[in-house]
Amino acid sequence: MAISSLFSSNVRPEDPAEEQPVIGLIGMGAMGKMYASLLAKAGWKRIHVCDLPSKYEELKKQYSNVSNITVMKDGHAVARSSDFMMYSVEAEFINRVVAEYGPSTKIGAIVAGQTSVKAPEKEAFEKYLPEDTEILSCHSLHGPTVSPLGQPLILIKHRARDSSLHLVEQLFKSFGSRYVYLSYEEHDLVTANTQAVTHAAFLSMGTAWASAKVYPWEQGLYVGGMETVKVNLALRIYSNLWHVYAGLAILNPKAREQIDQYAKSVTEIYKLMVEAGNKTETEKVNGDSREPLTNGHRRGSVVADRNGNEVERERKLRERVEWAKNKVFGEHYNDGKRAPILLSQEILDKFSLGQRSSPPPSPGSSSTSNYTPNSHLSLLAMVDCWAHLSINPFDHLSLAATPLFRLFLGVAEHLFLQPSLLDSAIHSAIYDTWHRSDDLEFVVAARGWSQCVSFGSFEVYRKRFEETRAFFEGRFEEAGKLGSDMIKEVMKSEVENQNQVKVNGGNQS
């Protein structure tokens, strides 16, 4: 008999305990604890949880004053007693854990997994769960420190009745999340498209800074505006545990492909930058030290002096950037249906870790911006990567975008769709030398992470991640608070913008 037939699909936390399903959680890491806390706070009266047997006493003590959470000794006890249960374990270990506890699953129970990569989970569930159980998986696309309100919560009805889906929806209703219905295969494609390159970019930023042994916000150069998003989100990633990102990168074939392409894009764009910069230096040596033309033209635009020097210096780099821009932000990119993601750079300054200073001006610079131009190599490469893989990031924005993806896409959108900003980045990439060594560190880091993922070793990934993490230890608390506040502000602003777009659309109809 299906568990869902024993309970009302409209069951509520206020109902008597005997009329509520027993909710089970195997794995009490950060996400397991988040789910337990949210479900307990909602008022569900029978929540059974467990972690490793060695953590039993510690976990029991932690929840001794929470009456609706019962700590069990192991997964067998949770599996035998739960009507709806969830495996909240790392993707690397899902096969082993389900093999051990799956056979103990209660007859007719609904089973879910909160893993970031679903292919191994699907295989384990189909192999080890009794045939009389139902498989209805889930995945909250946000971290444990982010409010679930309005965030995507993926539900995968793989082997389950509609009534079971309604029951699970009711259990999670208090989260305030937005349900997204996908298959296992669709989940892995969407998460690769929205997370793989984003994670690779931020991991590479952190490793580059650690290798250079600098905190970029203390130098006063990578501060304010778009740099605020980069710094805060990179530190946010490294403040989490390594396995949060390793599973997606190593176990999802699509993610591997995208991380590899990102490293290629970073490398090739950097080579174009260096090539153009070398030509500039050659002209100076040969006595042609004229600065790029600026009168009557946007700084850094493709204009020709009488010898065509500027055209040749910028042509290859600009053509590559413009090609990627047109492919990702082409004529059908928005159609006026969505407000820009990013807040103004001035508002983002409120969440900056440092104060701005100015490097020596680049040749021909006519910018009066308060923000120090740089190459924005990480952003140029991200859009270039999407273009080469024919990924339209906006396809998944409303469907299943994480806060990190939403913000980084917003920064890319902000850069690429403001001609003056994009021109400044290209101009700085060619003529400024102060950030050239930083860009080189970024190239090395991006290639290193791609190689690390290609090895398929969780241990290699862990070591590389934790080495970088150690450099930023002690800086996470401040960055974490600023990062959380920044995400809340951007999400709040986007909701307001989207509501306004809907209102305007309704007025036009």
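Trainee: Why does Asp 384 count as buried?

Mentor: This is a predicted model, and in it Asp 384 has a relative accessibility of 1%. Buried means under 20%, so Asp 384 qualifies.

Trainee: What makes the contact between Arg 320 and Asp 384 a salt bridge?

Mentor: Their side chains meet with N to O at 2.7 Å. The cut-off is 4 Å between a side-chain nitrogen of Lys or Arg and a carboxyl oxygen of Asp or Glu, so the pair passes. Arg 320 sits in helix 12 (residues 309-328) and Asp 384 in helix 14 (residues 377-388), which puts the partners 64 residues apart and links distant parts of the chain.

Trainee: And Arg 320, buried or exposed?

Mentor: Buried: the relative accessibility of Arg 320 is 18%, and the limit is under 20%.

Trainee: What about Glu 185: which residue does it form a salt bridge with?

Mentor: Lys 122, with the closest N and O atoms 2.7 Å apart. That pair also links distant parts of the chain, since Glu 185 belongs to helix 7 and Lys 122 to helix 5 (residues 118-128), 63 residues apart.

Trainee: Why is Glu 185 called partly exposed?

Mentor: Its relative accessible area is 48%. Exposed needs over 50% and buried needs under 20%, so Glu 185 lands in between.

Trainee: How do you know that Glu 473 is partly exposed?

Mentor: Same kind of check: Glu 473 has 47% relative accessibility, and exposed would need over 50%. Glu 473 forms a salt bridge with Arg 469, where the closest N and O atoms are 2.9 Å apart; the limit is 4 Å, so that one counts too.

Trainee: How many salt bridges does a search of the whole structure find?

Mentor: It finds 20. Some join up: Glu 314, Arg 318, Glu 322 and Asp 423 are linked in a network of salt bridges.

Trainee: On to the nonpolar side. What makes a set of residues a nonpolar core?

Mentor: Residues such as Leu, Tyr, Trp and Phe have to be buried and joined through side-chain atoms within 4.5 Å. The largest core here has 87 residues, and those with the most contacts inside it are Tyr 262, Leu 317, Trp 386, Leu 415, Tyr 461 and Phe 465. Helix 7 (residues 184-212) gives the most to this core, 11 residues. There's also a second, separate core of 37 residues, with Val 11, Ala 40, Ile 47 and Leu 171 among them.

Trainee: Which residues is Leu 317 in contact with, leaving aside its neighbours within four places in sequence?

Mentor: Ile 269, Leu 272, Met 273, Ile 426, Ala 429 and Ile 430.

Trainee: How many cavities of 30 Å³ or more does the structure hold?

Mentor: There are 3, and the largest has a volume of about 80 Å³. It is lined by 13 residues, and the closest to its centre are Ala 196, His 199, Leu 203, Ala 249 and Ile 259. Helix 7 turns up again, supplying the largest share of that lining with 5 residues. Helix 10 (243-251), helix 11 (253-285) and helix 18 (436-455) each supply at least two.

Trainee: How do the residues of that lining divide into nonpolar, polar and charged?

Mentor: For the largest cavity it's 11 nonpolar, 2 polar and no charged. Asp, Glu, Lys and Arg are what count as charged, so none of those is in the lining.

Trainee: And the chain as a whole?

Mentor: The protein chain has 20 helices and 8 strands, and of its 509 residues 58% count as buried.

Note on methods
Residues numbered from 1 in each chain as written. Predicted model: local features only at pLDDT ≥ 70, side-chain atom pairs only at ≥ 80, totals over all residues. Heavy atoms only, no water. Buried < 20%, exposed > 50% of the residue type's maximum accessible area, 1.4 Å probe, protein only. Helix = DSSP H or I, 4+ residues; strand = E, 2+ residues; numbered from the N terminus. Contact = heavy atoms within 4.5 Å. 1 Å grid on protein atoms, 1.4 Å probe; cavity = no way out; pocket = protein on both sides within 12 Å on 5 of 7 lines; lining within 4 Å. Points joined across faces, edges and corners; volume = space filled by probe spheres on them.
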